[in-house]
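Visitor: Could you take me on a close look at one part of this model, starting from one residue and building up a picture as you go? I am a first-year student, so please name things clearly.

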Amino acid sequence: MSGRLLRWVGTGAAVGALLATASPAYAVPEPDDVTERPVSELLTDLQELYRKAEESTETYNATAEKLKEQRAEVTRLNRGLARAKTSVRDGKGAAGRFARQQYQGTTDISPYVHLLLARNPQQAVDQGHVLGRVAAERAATLDRLVGGEQTAATLAADAKSALESQVALAAEQKKARDSVKGQLKEVEELLASLSTDQLAELARAEEEGMAAAQRKFLDSGSLSGAAGSPGSAPTRAPSRKGDSALDYAVRQIGKPYKWGAEGPKSFDCSGLTSKAWAKAGKEIPRTSQEQWAQLRRVSLRKLRPGDLIVYFPKATHVAMYLGDGMVIQAPRPGSRVKVSPIASNPLLGAVRPDPSAKPMKNYVPPKLPRGARKGEDAGYDRSKAPRT
């Protein structure tokens with residue numbers, strides 16, 4: 001267990017929020033002080049750092065989504081600008097031809113004069129119609145030219161602004177990544193300063209804390225009546241898409257956690273849930289915060305497999321409900337996708353991606369692979385009891 005506490009730092013830093021502006025810098029104690037501190041304090045420090053890492057990861061994911069949208073907007077504007085420039089070029093060519101025609105003496109003559117001089121009055125009338133159409137065409141060409149130049153100018157300004165926003169988002173992303181990497185380096189130094197006995201005690205304290213939180217949550221009756229919850233009959237089944245999403249999540253068990261990842265080789269928490277539902281044919285927001293904000297809330301008493309369980313006051317962690325008071329999740333840096341107790345982190349609530357879908361008939365729970373429950377379940381701040 002102690003080895004797992006050390007290995008997480010090598011998997012890559014959680015990236016996202018500009019921690020220097022989002023919250024006060026976290027000061028890891030000097031190594032000389034570590035051996036004198038109670039293990040309970042060390043565990044609290046580590047859990048807080050893990051929690052900040054995941055919060056930063058979700059902020060990074062949100063920034064990445066904005067950057068993706070901004071790049072698409074820049075591409076769209078640049079294509080529109082290219083079309084506008086082509087239109088302006090064509091308009092200038094037509095205007096140039098009209099100018100040459102007028103210079104060469106092919107200027108318009110008054111239709112009234114044509115009528116007076118013509119031997120055939122009907123021919124003069126017809127010629128006048130042609131001249132009128134030519135004049136109208138010239139006016140329309142000039143209008144298109146002026147309008148095209150105005151459109152091109154507007155698109156050029158919009159494209160420049162969009163590109164500047166893209167550059168700013170990319171810079172924010174890099175600054176956030178560098179900031180979190182520095183923080184995680186301090187965590188590595190803290191863990192490296194601990195003795196084998198301290199690491200083992202940390203692991204035991206973490207497991208005991210998680211088990212106590214799960215017992216308290218189940219004793220509260222919050223899951224009473226939920227499908228597959230302890231002490232209740234598994235009467236509630238998932239929708240067909242929920243079943244497909246759950247099946248996908250189960251097949252990812254054992255794959256490593258990695259910040260910003262959404263498969264197929266690794267995942268972060270919301271990368272797993274969003275990809276699972278996308279594979280089931282239902283697109284949902286990428287980040288845990290947006291999943292909490294945009295998806296339909298559902299009572300814990302009405303949970304069905306495939307629902308998403310959201311954690312922490314800022315909705316910075318998410319898992320998928322499996323049944324029997326368990327979830328499938330990508331827990332934290334250094335861990336792997338696994339099955340965990342639903343109360344392994346402080347619950348905020350639950351959401352359902354397909355609230356109008358009916359539960360399927362003859363539901364059979366997925367078969368879990370061997371070792372599905374092995375590994376770390378939490379590592380975040382459990383200072384608050386799960387909400388009922």
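**From one helix to the sheet**

Guide: Let us begin with Gln70, which touches Ala162, Ser165, Gln166 and Leu169, leaving aside residues up to four places away in sequence. Please keep in mind that this is a predicted model. Gln70 belongs to helix 4, which covers residues 39-103. Is Gln70 buried or exposed? Its relative accessibility is 19%, and the cut-off for buried is under 20%, so Gln70 counts as buried. Another partner to find on your screen is Leu163: it is 93 residues from Gln70 in sequence, but the two C-alpha atoms are 7.9 Å apart in space.

That pair is a good introduction to the chain as a whole. Among contacts with a separation of 6 or more, 77% join residues 24 or more positions apart. The chain has 388 residues, of which 46% count as buried, and it contains 10 helices and 6 strands.

Now for the part I would like to explore slowly, the sheet and the helices that lie across it. The sheet is open, with 6 strands in the order 1-6-2-3-4-5 and antiparallel pairing. Strand 1 (296-298) and strand 5 (338-341) are the edges, each pairing on one side only. From one strand to the next, the twist averages 45°.

Let us walk through the sheet from strand 2. Strand 2, residues 308-311, pairs with strand 3, residues 317-323, in the antiparallel sense over 4 bridges. Look for Tyr311, which stands opposite His317 in strand 3. The loop between strand 2 and strand 3 holds Phe312. What is notable about the phi of Phe312? Phi is positive there, about 70°, although Phe312 is not a glycine. With a relative accessible area of 5%, Phe312 is also buried.

Moving on, strand 3 and strand 4 pair in the antiparallel sense over 3 bridges. One pair to look for is Tyr321 with its bridge partner Val327 in strand 4. The two strands form a hairpin with 2 residues between them, and Asp324 in the turn has a positive phi of about 60°. Here a residue from another part of the chain comes into view: Leu218 and Gly325 are 107 residues apart in sequence, yet 7.9 Å apart from C-alpha to C-alpha. Leu218 sits in helix 7, residues 196-219, and its relative accessibility of 30% means that it counts as partly exposed.

Strand 4 deserves a pause. Both of its faces are covered, with Met326 and Ile328 buried on one side and Val327 and Gln329 buried on the other. Strand 4 also pairs with strand 5 in the antiparallel sense, over 4 bridges. Gln329 has Lys338 in strand 5 as its bridge partner.

Which helices lie across these strands? Helix 8, residues 240-251, crosses strand 3 and strand 4 (326-329), at about 105° to strand 3. Helix 9, residues 269-279, lies across strand 2, strand 3 and strand 4, running at about 50° to strand 3.

These two helices also pack against each other, at an angle of about 130° and with their axes 8 Å apart. That angle is neither under 35 nor over 145, and it is outside 65 to 115, so helix 8 and helix 9 are oblique to each other. The crossing is right-handed. On the helix 8 side, the residues that meet helix 9 are Lys241, Gly242, Ala245, Tyr248 and Ala249. Their counterparts in helix 9 are Leu272, Lys275, Ala276, Trp277 and Lys279. By class, this contact has 6 nonpolar, 1 polar and 3 charged residues.

The loop between helix 8 and helix 9 includes Pro264. A cis peptide bond joins Gly263 to Pro264, with omega about 0°.

How many residues of helix 9 are buried? The count is 8 of its 11 residues, so this helix is mostly covered. Cys269, Ser270, Gly271 and Leu272 are among the buried ones, as are Thr273, Ser274, Ala276 and Trp277. Just after helix 9 comes Gly281, with a positive phi of about 95°.

For a last stop, go past strand 6 (347-352) to the segment that holds Asn362. Phi of Asn362 is near 55°, a positive value in a residue other than glycine. Unlike buried Phe312, Asn362 is exposed, with a relative accessible area of 75%.

Technical notes
Residues numbered from 1 in each chain as written. Predicted model: local features only at pLDDT ≥ 70, side-chain atom pairs only at ≥ 80, totals over all residues. Heavy atoms only, no water. Pairing = 2+ DSSP bridges. Axes fitted to C-alpha atoms, helices over the stretch in contact; angles between N-to-C directions. Contact = heavy atoms within 4.5 Å. Buried < 20%, exposed > 50% of the residue type's maximum accessible area, 1.4 Å probe, protein only. Left-handed = near helix turned anticlockwise from the far one by under 90°. Nonpolar A, V, L, I, M, F, W, Y, C, P; charged D, E, K, R; others polar.
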